[in-house]
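Thanks for asking me to look this over. My notes follow as numbered points, so please read them with the model open beside you.

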Amino acid sequence: MRNISFALTVPEFISGNKSVTRRLWKDNYAKSFHEKEILQAYDKMPYCGGRKIGKIELTKTPYKQKLKDMPIAHLLAEGGRWHTVYEFINFLGENPETEVWVIEFKKI
């Protein structure tokens with residue numbers, strides 16, 4: 001079973017308020033994930049001393065999207081900490097035009 005880290009959003013993940021995450025993954029890596037795959041969730045990656053905080057199941061195969069095109073509904077699904085898409089983009093420290101991989105999941 002593969003791992004995924006929620007280092008920047010641990011409280012949102014643990015509370016169950018998070019059901020989507022965005023990643024700057026390399027295309028080949030992202031394309032190796034598929035709908036219904038189960039991943040172990042960590043507060044940071046195990047090789048960095050992370051601890052397991054749960055498991056997730058991917059509800060869709062990951063897909064690419066520009067940060068500026070993030071749907072408003074995903075602000076809540078990202079944990080509800082942000083009020084606007086641009087506030088979320090600023091949190092990430094990225095450009096609105098940056099393409100990221102969108103990972104939709106449910107906590108199990």
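Contact here means heavy atoms within 4.5 Å. With that cut-off in hand, please also keep in mind that this is a predicted model.

1. Let me begin with Ser19, which sits in the loop between helix H1 (10–15) and strand E2. Setting aside residues up to four places away in sequence, Ser19 touches Ala77, Ile103, Glu104 and Phe105. Its relative accessibility is 31%, so Ser19 counts as partly exposed. Ala73 is 54 residues away from Ser19 in sequence, and the two are 11 Å apart in space, C-alpha to C-alpha.

2. Next comes strand E2 (20–23). Which of its residues are buried on one side, and which on the other? Val20 and Arg22 are buried on one side, Thr21 and Arg23 on the other, so that both faces of E2 are covered. E2 pairs with E6 in the antiparallel sense, over four bridges. Within E6, the residue opposite Arg23 is Trp101.

3. Staying with strand E6 (residues 99–107), have a look at Val102, which is found there. Val102 has 0% relative accessibility and therefore counts as buried. Not counting residues up to four places away in sequence, Val102 touches Val20, Thr21 and Arg22, as well as Pro62, Tyr63, Gln65 and His74. Leu76 is 26 residues from Val102 in sequence, and their C-alpha atoms are 14 Å apart.

4. Strand E3 (residues 38–42) deserves a point of its own. Why can E3 be described as largely enclosed by the rest of the structure? The reason is that four of its five residues are buried. E3 pairs with strand E1 (residues 2–5) in the parallel sense over four bridges, and Ile4 stands opposite Ala41 in E3. With E4, E3 pairs in the antiparallel sense over five bridges, and here Tyr42 stands opposite Lys52 in E4.

5. You may want to pause at Lys36, in the loop between helix H2 (27–30) and E3. The phi of Lys36 is near 80 degrees, a positive value in a residue other than glycine. Most residues other than glycine have a negative phi. At 59% relative accessibility, Lys36 counts as exposed.

6. Is Glu57, a charged residue in strand E4 (residues 52–58), buried or exposed? Glu57 has a relative accessibility of 19% and so counts as buried, the cut-off being under 20%. Leaving aside neighbours within four places in sequence, Glu57 is in contact with Lys36, Glu37 and Ile38, and also with Glu104, Phe105, Lys106 and Ile108.

7. That last partner, Ile108, lies in the segment after E6. Besides Glu57, Ile108 touches Ile38, Lys55 and Ile56, again not counting residues up to four places away in sequence. Between Ile108 and Gly79, 29 residues apart along the chain, the C-alpha separation is 16 Å.

8. Now for helix H4 (85–92). Its buried residues are Val85, Phe88 and Ile89. They cover an arc of only 100 degrees around the axis, which means that they lie on the same side of H4. Among the elements covering these buried residues are E2 and helix H3 (73–77). Just after H4, Gly93 has a positive phi of about 70 degrees.

9. My final point is the largest pocket, whose volume is about 360 Å³. How many residues line the largest pocket, and which of them lie nearest its centre? The lining has 19 residues, and those nearest the centre are Leu8, Thr21, Arg22, Arg23 and Leu92. E2 and H4 each supply at least two residues of this lining. By type, the lining is made up of 11 nonpolar, three polar and five charged residues. Thr21, Arg22 and Arg23 thus come up a second time, since point 2 listed them among the buried residues of E2.

Key: Residues numbered from 1 in each chain as written. Predicted model: local features only at pLDDT ≥ 70, side-chain atom pairs only at ≥ 80, totals over all residues. Heavy atoms only, no water. 1 Å grid on protein atoms, 1.4 Å probe; cavity = no way out; pocket = protein on both sides within 12 Å on 5 of 7 lines; lining within 4 Å. Points joined across faces, edges and corners; volume = space filled by probe spheres on them. Nonpolar A, V, L, I, M, F, W, Y, C, P; charged D, E, K, R; others polar. Buried < 20%, exposed > 50% of the residue type's maximum accessible area, 1.4 Å probe, protein only. Arc of directions from axis to C-beta. Pairing = 2+ DSSP bridges.
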